[in-house]
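Here are some notes for a colleague who is opening this structure for the first time. They are meant to be read alongside the sequence and the 3D view.

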Amino acid sequence: RALALCPASRIARVVASLPPELRPLEVVQKAGEGFFVPALWWHATCNEGPTLGVGSQHHVFDLDFRRAADEHGDSAFVLYHYACEIHKKDPPGAAALFGAALRREPLNYYYLINQLRFFLNLVWPPKPTLDTIHSLLVAVDQGLDPLRQMLVLRFAVPSIVDFVEWHMGHDRLLKYSREACHAVLEAVLRLTTPFLPGGARSRLSIACGQAPLPLAVCSVCWRRPARPTGRGGDDLGAQVLLLRLLRSEAG
């Protein structure tokens with residue numbers, strides 16, 4: 001957790017704070033030396049000054065991931081890529097592999113977002129897809145500082161909006177759209193509220209069940225605008241529009 005998305009300027013300090021048994025291997029490469037990183041090893045490079053280096057790598061898609069999964073079943077990297085390879089011909093097997101990879105690397109947000117996209121591409125049942133959305137948002141909230149939460153949500157929100165829009169036109173599935181929209185709006189507004197008029201005094205107004213609508217406080221008079229009105233589907237559509245606007249502004 002300490003090293004997840006750690007800025008390069010803090011890596012040395014964070015590594016030094018870890019217990020010896022949890023510290024990664026460290027090597028100082030000098031001019032004229034070469035360094036080989038074994039396949040499937042996570043690694044990072046931190047330049048101590050002006051540096052010119054030349055490197056190459058074996059393309060991972062040339063690997064036999066089925067064989068690699070048999071030999072390296074504890075590697076999240078292998079499990080994730082094997083899931084990507086078989087997701088069309090064996091969706092349940094791919095879903096199990098995604099889950100196994102994330103149990104090994106729960107702070108791998110790239111895997112988390114692509115797991116959600118995998119479910120969306122296969123039109124997976126809404127309940128497990130919604131569970132994946134909640135897991136992603138919880139991991140972002142608990143594992144990252146606000147700046148990095150914004151970075152990850154910038155890539156996650158478009159997929160969650162797709163899920164909301166695909167189900168909001170069906171009465172029996174509307175509850176999934178509402179819950180997903182509520183969850184992602186809460187996550188986004190937790191980060192953006194300090195920048196709204198009124199700052200921390202801005203609050204959410206709950207309308208039509210559990211679907212939140214943001215009502216910013218005027219920074220001059222400290223009053224709220226009139227509560228929006230409309231049918232449930234209209235309010236949900238307005239919230240999807242808000243998410244799209246927030247995504248556009250972030251871009």
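Which residues line the largest cavity?

1. The model is a predicted one, and the opening question can be answered from it directly: the lining of the largest cavity is made up of Leu-137, Val-140, Asp-141, Gln-149, Leu-153, Ala-187 and Arg-190. A search of the whole structure turns up 1 cavity of 30 Å³ or more, and the space inside the largest cavity comes to about 40 Å³.

2. As to where that lining comes from, at least two residues are supplied by each of α6, α7 and α8 (174-192), while α6 gives the largest share, with 3 residues.

3. Helix α5 deserves a separate look, beginning with its length. Its 13 residues, 109-121, should span 18 Å at 1.5 Å a residue, and because the C-alpha atoms at its two ends are 18 Å apart, the expected and the modelled spans agree.

4. The helix α5 is mostly covered, with 10 of its 13 residues buried. Among the buried residues are the aromatic side chains of Tyr-109, Tyr-111, Phe-118 and Phe-119, and the list also includes Asn-114 and Gln-115 alongside Leu-112, Ile-113, Leu-116 and Leu-120. The cover over these buried residues includes α3 (76-86), α4 (91-104), α6 (126-143) and α7 (146-167).

5. Both ends of α5 have a local feature that can be checked in the 3D view. At the start of α5, a side-chain oxygen of Asn-108 comes to within 3.3 Å of the backbone nitrogen of Tyr-110, and just after α5, Val-123 adopts a positive phi of about 50°.

6. Thr-129 offers a view of the covering from the other side, since this residue lies in helix α6. Thr-129 has a relative accessible area of 1% and therefore counts as buried, the cut-off being under 20%. Apart from neighbours within four places in sequence, Thr-129 is in contact with Leu-116, Phe-119, Leu-120, Trp-124 and Phe-163; of these, Leu-116, Phe-119 and Leu-120 are also listed among the buried residues of α5.

7. A last point concerns the cysteines. How many disulfides does a search of the whole structure find? The search finds 0. Two of the cysteines can be described by their accessibility: Cys-84 is partly exposed because its relative accessibility is 29%, whereas Cys-181, at 0% relative accessibility, counts as buried.

Technical notes: Residues numbered from 1 in each chain as written. Predicted model: local features only at pLDDT ≥ 70, side-chain atom pairs only at ≥ 80, totals over all residues. Heavy atoms only, no water. Helix = DSSP H or I, 4+ residues; strand = E, 2+ residues; numbered from the N terminus. Expected span 1.5 Å × (residues − 1). Buried < 20%, exposed > 50% of the residue type's maximum accessible area, 1.4 Å probe, protein only. Contact = heavy atoms within 4.5 Å. Polar contact = N/O pair within 3.5 Å; in protein donor to acceptor, adjacent residues only side chain to side chain. Disulfide = S-S within 2.5 Å. 1 Å grid on protein atoms, 1.4 Å probe; cavity = no way out; pocket = protein on both sides within 12 Å on 5 of 7 lines; lining within 4 Å. Points joined across faces, edges and corners; volume = space filled by probe spheres on them.
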